[in-house]
Amino acid sequence: MGQQNLGHDMGGSYEHELYEKCIMCNKETETLKTTHVDFRYGYVEGAGQMCRECYLGENRNLITINSRMVLDTPNNAELGEKVRQIYWESKK
Ligand SMILES: [Zn+2]
């Protein structure tokens, strides 16, 4: 006991990880981990942080729905229509 530190220096001080990793491609994003979610670019609630390329890219499988829209649209069919509209707009 007490000698366990020998030879276990790898990967310690290098892993600062200041930036969030993209949930899609696992690359480091431009978003600091300390940035509040309200001020983040490419952050999808319930999913996580995406990098610029994935957020704008064609392989994007996530859409963002403003929670305000859910609250402001009591009619489910109407809400569904709006969500679908956002979906198609994301595919443009
Ligand atoms: Zn990415």
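**A walk through the predicted fold**

N26 sits in the loop that runs between strand 1 (19–21) and strand 2 (28–32). This is a predicted model, and N26 is a good place to enter it. Its phi is near 70°, a positive value in a residue that is not glycine. N26 counts as exposed, because it has 9 C-beta neighbours inside 10 Å.

The loop belongs to a hairpin. Strand 1 and strand 2 form it, with six residues between them, and N26 lies in the turn. The two strands pair in the antiparallel sense, over two bridges. One pairing can be named: K21 has E28 in strand 2 as its bridge partner.

Now step back to the whole chain. The protein has three helices and four strands. Along the sequence the order is β-β-β-β-α-α-α. Of its 92 residues, 12% count as buried. Contacts between residues at least 6 apart in sequence include a long-range share: 28% of them join residues at least 24 apart.

Confidence comes next. The average pLDDT of the protein is 83, and 79% of the residues score at least 70. Strand 1 has the highest confidence, at 95, while helix 1 has the lowest, at a mean of 85. Where pLDDT is low, predicted coordinates should not be read in detail.

Return to the loop of the hairpin. K27 is also found between strand 1 and strand 2. Is K27 in contact with residues beyond its own stretch of chain, and which ones are they? Leaving out residues up to four places away in sequence, K27 touches K21, C22 and C51. K27 is partly exposed, because 13 other C-beta atoms lie within 10 Å; a residue needs 20 or more to be buried, and 12 or fewer to be exposed. The C-alpha atoms of K27 and C54 are separated by 9.9 Å, although the two residues are 27 apart along the chain.

The contact with C51 leads inward. C51 lies in the loop between strand 4 (48–49) and helix 1 (52–56). Is C51 buried or exposed? C51 counts as buried, because it has 23 C-beta neighbours inside 10 Å. Beyond its neighbours within four places in sequence, C51 is in contact with C22, C25, K27, T29 and G42. C25 shows the reach along the chain: C51 and C25 are 26 residues apart in sequence, and their C-alpha atoms are separated by 8.1 Å.

C51 is also part of the largest nonpolar core. Five residues make up this core: C22, M24, M50, C51 and C54. In soluble globular proteins, nonpolar side chains tend to be buried together. Two of the names have already come up with K27: C22 as a contact, and C54 as the partner in the 9.9 Å separation.

Past helix 1 the chain enters another loop. L62 is found there, between helix 1 and helix 2 (67–72). What does L62 touch, once residues up to four places away in sequence are set aside? Its contacts are V44 and A47. L62 and A47 are 15 residues apart in sequence and 8.5 Å apart in space, C-alpha to C-alpha. L62 counts as partly exposed, because it has 16 C-beta neighbours inside 10 Å.

The walk ends at helix 3. This helix covers residues 76–90, 15 residues in all. From its first C-alpha to its last it reaches 21 Å, close to the 21 Å expected at 1.5 Å a residue. How many of its 15 residues are buried? The number is zero, so helix 3 lies largely in the open. C51, by contrast, counts as buried.

Terms used
Residues are numbered from 1 along each chain as its sequence is written. This is a predicted model: local features need pLDDT of at least 70, side-chain atom pairs count only at pLDDT 80 or more; totals for chains, interfaces and linings use all residues. A nonpolar core is a set of buried Ala, Val, Leu, Ile, Met, Phe, Trp, Tyr and Cys residues joined through C-beta atoms within 7 Å. Two residues are in contact if their C-beta atoms, placed from the backbone, lie within 7 Å. The expected span of a helix is 1.5 Å times one less than its number of residues. Two strands pair if DSSP finds at least two bridges between them. pLDDT is the predictor's confidence in each residue, from 0 to 100.
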